[in-house]
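Work through the exercises below with the sequence and the structure at hand. Each task is followed by a solution in steps.

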Amino acid sequence: MGARGAMLAVLAVVLAAASPAGVAAAAKGKYHALFNFGDSLADAGNLIQNGTPEFLATARLPYGQTYFGRATGRCSDGRLVIDHLAQEFGLPLLPPSKAKNASFAHGANFAITGATALDTPYFVAKGLGDVIWNSGALMTQIQWFRDLKPFFCNTTQECKKFFAKALFVVGEFGGNDYNAPLFAGKGIPEAYKFMPDVIQGISDGVEALIAEGAVDLIVPGVMPTGCFPVYLNMLEEPKDGYGERSGCIRRFNTFSWVHNAHLKAMLEKLRAKHPNVRIIYGDYYTPVIQFMLQPEKFGFYKQVPRACCGAPSTPERAMYNFNVTAKCGEPGATACADPTTHWSWDGIHLTEAAYRHIAKGWLYGPFADQPIVQSS
């Protein structure tokens, strides 16, 4: 075993020790199936099942280099949160729902890059049809789930039994909905107007899955938008517009926080309405903030929000390592030597290492309002 292999083995032991042995053991076999819905934070290859578009850099190395050694359609250097969850439960990695000849014995991944909470006509009506790239909104993914049901069960009773031992991961959703007005230059005030509809769209999706038989669901919030190199490179804020310790854009992080607050309030209403259903809030926001403020706790370098894979843009913003004309996977972009030292992979998505920390936090705490796996 080489030095790097030995170091990884030690890291694995440390990570295993981080969660109480009894609780970690309880994860194995807790669920016999997983169903995942979402966007590029959770897409395991649905976007490329019918062929890879030439322009799609996320379907080329160095995407996938850390774990798979090849690009799989995941927008990261390796595994996503859903992959870490599956392995912790002792399940195989979920196949993309559009995969041909795949085994769906343990569930499926319906997430697809570009997905929104709201359907395309909503954006068209607001004059944003040209900026939205919607390959499968939440309700569309739920229809894919319905179409695939014969792979899991055939009778109402059989389905009830099967879904009772499954975890449904619903999101995150909202990031791409808000990107539509933001990337169109309409600004944060316009994005706020979308928020009630986005929250309602997520609520409708969760209710639809409960009606299908879901009894255990985790519904994640959005990440702190203002910490991502894609926005930091694009926007110019006054000096006091950046967090003193984090370097993130304050008003964008406030926006994300408000979305999450509304989402949590909505989930409370659903819990009251469906007392026999377990609905967990999955936190993406807090861990990313902690990656910025306490990077050493997670094995990350202390630095401004910086993409591991990318290229510098202007000299003033070179530190973010994000260039819209040389994004990760495109000519001119390179990956950092060790992605485990970074939380941001390509300036938009996270590294495998960051996703692992988030998955552990959802499973055992503290990155969920109740851990998925609880000690008895």
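**Exercise 1. Decide whether Cys 159 is buried or exposed, and find its partner.**

Step 1. The model is a predicted one. The relative accessibility of Cys 159 is 8%. Buried means under 20%, so Cys 159 counts as buried.

Step 2. Cys 159 is joined to Cys 153 by a disulfide, with an S to S distance of 2.0 Å. The cut-off for a disulfide is 2.5 Å, so the pair qualifies.

Step 3. Cys 153 has a relative accessible area of 4% and is buried.

Step 4. About the S-S bond of Cys 153 and Cys 159 the torsion is about 95°, so this disulfide is right-handed.

**Exercise 2. Describe the helix that holds Cys 159, and state which of its residues are buried and which are exposed.**

Step 1. The helix is H6, residues 156-164. Its buried residues include Cys 159, Phe 162 and Phe 163.

Step 2. Viewed down the axis of H6, the buried residues fall within an arc of 90°, so they line one face of the helix.

Step 3. A general rule helps here. An α-helix has 3.6 residues a turn, so residues three or four places apart point the same way.

Step 4. Gln 157, Lys 160 and Lys 161 are exposed, and they sit on the face of H6 turned away from its buried side.

Step 5. The cover over the buried residues of H6 includes strand E1 (33-37), helix H5 (138-148), strand E3 and helix H8 (187-212).

**Exercise 3. Find what surrounds Leu 167 in strand E3.**

Step 1. Strand E3 spans residues 166-170 and contains Leu 167. The relative accessible area of Leu 167 is 0%, so this residue is buried.

Step 2. Leaving aside residues up to four places away in sequence, Leu 167 touches several others, among them Tyr 31, Phe 35, Phe 89, Leu 217 and Ile 372.

Step 3. Asp 216 is also touched by Leu 167. The two are 49 residues apart along the chain, while their C-alpha atoms are separated by 5.2 Å.

**Exercise 4. Compare the disulfide of Cys 227 and Cys 248 with that of Cys 308 and Cys 336.**

Step 1. The sulfur atoms of Cys 227 and Cys 248 are 2.1 Å apart. For Cys 308 and Cys 336 the S to S distance is 2.1 Å.

Step 2. The link of Cys 227 and Cys 248 is right-handed, with 105° about the S-S bond. That of Cys 308 and Cys 336 has a torsion of about -95°, so it is left-handed.

Step 3. Cys 308 lies in the loop between helix H12 (295-298) and strand E6 (309-310), and Cys 336 in the loop between strand E7 (334-335) and helix H13 (352-364), so this disulfide ties together parts 28 residues apart in sequence.

Step 4. Cys 227 and Cys 248 are both buried. Cys 308 is buried at 1% relative accessibility, and Cys 336 is buried at 15%.

**Exercise 5. State how many disulfides a search of the whole structure finds, and the pattern they follow.**

Step 1. The search finds four disulfides.

Step 2. With bonded cysteines counted along the chain, the pattern is 1-2, 3-4, 5-8, 6-7.

Step 3. Cys 75 is in no disulfide, and the nearest cysteine sulfur, that of Cys 328, is 9.7 Å away. Cys 75 counts as buried, at 1% relative accessibility.

Key:
Residues numbered from 1 in each chain as written. Predicted model: local features only at pLDDT ≥ 70, side-chain atom pairs only at ≥ 80, totals over all residues. Heavy atoms only, no water. Buried < 20%, exposed > 50% of the residue type's maximum accessible area, 1.4 Å probe, protein only. Helix = DSSP H or I, 4+ residues; strand = E, 2+ residues; numbered from the N terminus. Contact = heavy atoms within 4.5 Å. Arc of directions from axis to C-beta.
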